[in-house]
Amino acid sequence: MSLLAANNLAQSYSFVDVFSSISVTVTHDAKIGLIGSNGVGKTTLLRILSGMETPSRGALHVARDKKVGYLPQEAVDAFAGDDNTVFGEMLTVFEPLHAIEARMRELEHLMTDAGAGLDSVMKEYGDLQHRFEHGGGYDYDTRIKQTLEGLGFGPPADIRKRSWDTPVMQLSGGQKTRALLAKLLLQHPDLLILDEPTNHLDVEAIEWLEETLNDWTGALIVCSHDRLFLDRVVNRIWEMSRTNVDVYRGNYTAYLTQREERFERRVALFNAEKARLENDARLIKRDFDKIKAGFTDEKPTWAIGKLRRLTSDVVVIEKYGVEVLVNEQWSDIAARLNNDGGVPTPFSVEDAIKRTARLTPPQRAPRLNLKLEPRKRSGEIVLRTKGLRVGYPGKPLFDCEDLELRWRERAALIGPNGSGKTTFLKTALAGNTLHDERIEIGLHPEMQLKPLAGIVEAGSSLRVGYFAQAHEELHADNTIQDELLRHADVQGRRMNEGDLRFYMAQFLFTDDDLFKPVSGLSGGERARLALAILGLQGANFLVLDEPTNHLDIATQEVLEQVLSQFEGTILLVSHDRYLISKLAQQIWSIDDDRLRVFRGPYAEYAQWRKRADNARPKPDAVKPKPAAVETPPAPVKKKADDSGSKNAQTKRQQRVAELEARIARIERDLPGAANEIQAAGARNDERKVRELSGAYAKMQAELERALTEWESLSG
């Protein structure tokens with residue numbers, strides 16, 4: 001039985017039809033990647049499947065007692081009125097376990113008294129312990145810690161509470177989305193629905209999420225533009241259009257192969273069906289002509305029935321495609337037609353011939369047609385730095401290894417969110433040796449940054465094309481047409497209306513689109529406009545800051561192909577590992593306040609980094625200590641009797657270290673002690689249960705005392 005099934009879903013808002021006739025099924029082991037062009041209704045479909053929206057038409061069934069969790073693209077409004085800290089919000093997932101744990105503590109104290117009623121106490125304790133362990137009671141603290149750290153919240157500030165003290169209401173929109181994702185992962189619903197979960201994650205967090213979802217035991221639907229993420233996580237692909245969802249087995253790479261094969265079969269099937277319908281139309285016309293001419297006394301019953309069926313077949317192909325006609329039962333097709341206005345009235349013979357002849361074969365979705373052609377070649381050295389320090393006055397971000405980028409080389413700059421990648425670009429493009437033309441077509445002077453130390457040298461004959469992540473170069477008050485003409489004028493390119501419309505159609509802007517204000521464009525539309533402007537520039541050095549953000553997968557594929565054929569130099573900042581893997585010949589990685597250079601493709605860099613991570617000491621192998629917090633800690637208050645005493649400070653530090661080691665030891669031993677109690681209970685060894693329970697209670701008391709003393713000495 002399926003976990004979820006939807007039949008003939010449709011959604012409309014006022015007079016706008018988002019999609020119709022969508023039918024899907026989710027099995028218990030499915031890990032599904034949802035893809036499709038921007039605007040086909042992917043988010044709307046996910047909201048319906050998650051129960052957040054009611055469809056205009058159609059049926060949705062979720063298996064009994066199965067829970068569905070949903071992560072929206074943006075969670076700005078999440079946690080409204082919630083006073084919890086980040087850690088406190090995660091703890092709410094395990095509230096039933098807290099009640100069980102409190103009762104277990106009460107029973108442990110009762111066990112130390114060998115009085116009447118011990119059997120009932122032990123039985124209740126055993127039942128509670130089984131529920132506690134089965135629910136993850138002995139490791140939920142660790143799960144919360146691993147989940148928050150994995151999603152980029154950083155280490156905890158306090159080893160006693162294991163908490164992140166920021167109130168969830170004070171988080172940014174991106175942080176709220178990550179916090180909501182963390183909570184969903186801890187809740188572990190039977191079906192997890194994620195809408196663009198990697199949008200607010202850096203590469204390290206994305207890779208952690210990939211590993212987590214690979215081990216996920218429930219069903220998963222994830223809508224994502226991250227092709228490598230889809231490759232590593234899903235085992236089938238849903239490709240959505242406004243009237244259908246095509247299902248492909250395997251990951252994204254498998255989908256690419258199957259998509260081409262399926263398209264070729266669809267074209268062949270269409271040609272065969274069209275030939276059949278055209279032949280039927282000729283036969284129908286011949287029979288009607290015979291009847292009209294009086295050459296036969298037969299009634300036109302056969303011809304009328306054939307004309308009615310031909311009419312339906314043509315309309316089905318026009319509306320839904322030839323595969324629906326061939327593969328679906330007629331009862332299901334009739335239900336579709338009834339939902340979309342009813343079974344069509346039979347054509348006249350003449351209309352049947354015309355409509356059949358006008359049937360067009362399946363078409364690939366319209367694709368962006370981008371051309372990036374340098375007007376001239378640059379010098380051999382494109383960019384070079386020496387002793388470079390990047391940041392702002394009073395706030396340095398990182399130092400750089402000496403860099404050198406040559407003509408036609410492709411480098412990818414990667415690093416965590418907030419590490420300063422865009423700041424580096426603005427610094428690198430402020431080199432004094434660049435020509436004035438770079439200022440006109442690349443980075444505006446007001447957006448350039450001077451190095452805090454060192455020098456940046458740029459090569460000769462450079463024409464820099466800069467693609468900004470936030471598209472700062474676009475004027476919000478202009479229309480698309482005005483904005484393109486403004487940049488065309490800078491390049492000395494005069495465009496009449498016909499040239500403009502032809503050029504913008506290549507970027508999927510047609511008719512009234514040209515008069516849309518930039519301020520009202522979606523993220524994908526702004527990105528396509530920025531690419532259109534980039535295509536005017538004739539640059540020989542492309543500096544691209546997150547160029548695939550907001551682009552659907554089809555457009556990403558086009559951009560990847562264009563960049564791979566570009567006859568110039570590329571410096572790429574991106575979280576899109578698929579694009580980096582296809583393009584980059586060297587990786588510039590920001591880590592631990594330093595930019596380091598790895599000369600080689602991304603796959604080799606990933607292997608090198610994994611070896612380096614494995615070579616680092618594991619947390620259990622080093623002396624435990626409270627993890628650092630992001631903000632500088634408040635100064636330690638000195639007691640009156642040890643003020644200025646180095647000896648007292650040394651003793652206090654030694655005592656803190658002893659307490660930290662003791663705390664780590666007890667926390668490591670507690671789960672094992674609990675397992676021993678459970679094993680003794682299973683053997684009905686009452687004496688051993690009492691003995692072990694008493695020891696367990698003493699360990700907890702010792703832990704409490706150690707934590708209390710540690711807090712007083714550390715605070």
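Start by selecting Thr569, which, leaving out residues up to four places away in sequence, touches Val382, Leu405, Arg406, Trp407, Arg408, Glu409, Asn540, Phe541 and Leu542. What you have open is a predicted model, and Thr569 sits in its strand β17, which covers residues 569–573. With a relative accessibility of 0%, Thr569 counts as buried, because the cut-off for that word is under 20% relative accessible area. If you add Arg406 to the selection and draw a distance between C-alpha atoms, you should read 7.3 Å, although Thr569 and Arg406 are 163 residues apart in sequence.

Before going further, colour the whole chain by secondary structure, which comes to 23 helices and 19 strands. Buried residues make up 47% of the 715 residues in the protein. Among contacts between residues at least 6 apart in sequence, 72% join residues at least 24 apart, and the pair Thr569 and Arg406, at 163 residues apart in sequence, can be kept in view as an illustration of a long separation along the chain.

Select Ser378 next, in the loop that runs between α13 (349–358) and β10 (381–392). Is Ser378 buried or exposed? Its relative accessible area is 4%, so Ser378 is buried. Showing its surroundings, with neighbours within four places in sequence set aside, brings up contacts with Trp407, Ser460, Ser461, Leu462 and Asn540. Trp407 and Asn540 are among the residues that Ser378 contacts, and both are also among those that Thr569 touches.

Move from there to Ile590 in strand β18, residues 586–591. Ile590 is buried, at a relative accessible area of 5%, and, not counting residues up to four places away in sequence, Ile590 touches Phe398, Leu413, Ile414, Gly415, Pro416, Ser419, Gly420, Lys421 and Leu595. One of these partners, Ile414, is worth a distance label: its C-alpha atom lies 6.3 Å from that of Ile590, while 176 residues separate the two in sequence.

Now turn to the helices, beginning with α9, which takes in residues 252–293. How many Å should its 42 residues span at 1.5 Å a residue? The expected value is 62 Å, and the end C-alpha atoms of α9 are 60 Å apart, which agrees. At the start of α9, zoom in on Asn251, where a side-chain oxygen reaches to within 3.3 Å of the backbone nitrogen of Thr253. At the other end, select Gly294, just after α9, and read its phi, which is positive at about 80 degrees.

The same check can be made on α7, residues 203–214, whose 12 residues should span 16 Å at 1.5 Å a residue and whose end C-alpha atoms are 16 Å apart, again in agreement. Colouring α7 by accessibility picks out its buried residues, which are Val203, Ala205, Ile206, Glu207, Leu209, Glu210 and Leu213. As you look along the helix, keep in mind that an α-helix has 3.6 residues a turn, so residues three or four places apart point the same way.

For a pair of helices, display α16 (residues 480–490) together with α17 (residues 497–505), whose axes come within 11 Å and cross at roughly 105 degrees. The two helices are therefore roughly perpendicular to each other, because angles from 65 to 115 degrees are counted that way. On the α16 side the contact is made by Ile480, Gln481, Leu484 and Leu485, and on the α17 side by Leu500, Tyr503 and Met504. Sorted by class, this contact of α16 with α17 has six nonpolar residues, one polar residue and no charged residues.

A further helical stop is Ala334, placed in α12, residues 330–339. Ala334 is buried, with a relative accessible area of 16%, and its C-alpha atom is separated by 9.2 Å from that of Ser312, 22 residues apart along the chain.

Finish with two backbone angles. Ser21, in strand β2 (residues 16–26), has a phi near 60 degrees, a positive value in a residue other than glycine, and Ser21 is buried at a relative accessible area of 4%. Glu546, in the loop between β16 (541–545) and α19 (553–564), likewise has a positive phi, of about 50 degrees, although it is not a glycine. Glu546 is also buried, with a relative accessible area of 4%.

Technical notes: Residues are numbered from 1 along each chain as its sequence is written. This is a predicted model: local features need pLDDT of at least 70, side-chain atom pairs count only at pLDDT 80 or more; totals for chains, interfaces and linings use all residues. Side-chain values use heavy atoms; hydrogens and water are left out. Helices (H or I, at least four residues) and strands (E, at least two) are DSSP runs, numbered from the N terminus. The expected span of a helix is 1.5 Å times one less than its number of residues. A polar contact is a pair of N or O atoms within 3.5 Å; within protein, one must be able to donate a hydrogen and the other to accept it, and residues adjacent in sequence count only if both atoms are side-chain atoms. Buried means under 20% relative accessible area, exposed over 50%, partly exposed in between (1.4 Å probe, protein chains only). Contact means heavy atoms within 4.5 Å. Axes are lines fitted to C-alpha atoms, for helices over the stretch in contact, and angles run from 0 to 180 degrees between N-to-C directions. Angles under 35 degrees count as roughly parallel, over 145 as roughly antiparallel, 65 to 115 as roughly perpendicular and the rest as oblique. Ala, Val, Leu, Ile, Met, Phe, Trp, Tyr, Cys and Pro count as nonpolar, Asp, Glu, Lys and Arg as charged, and the others, Gly among them, as polar.
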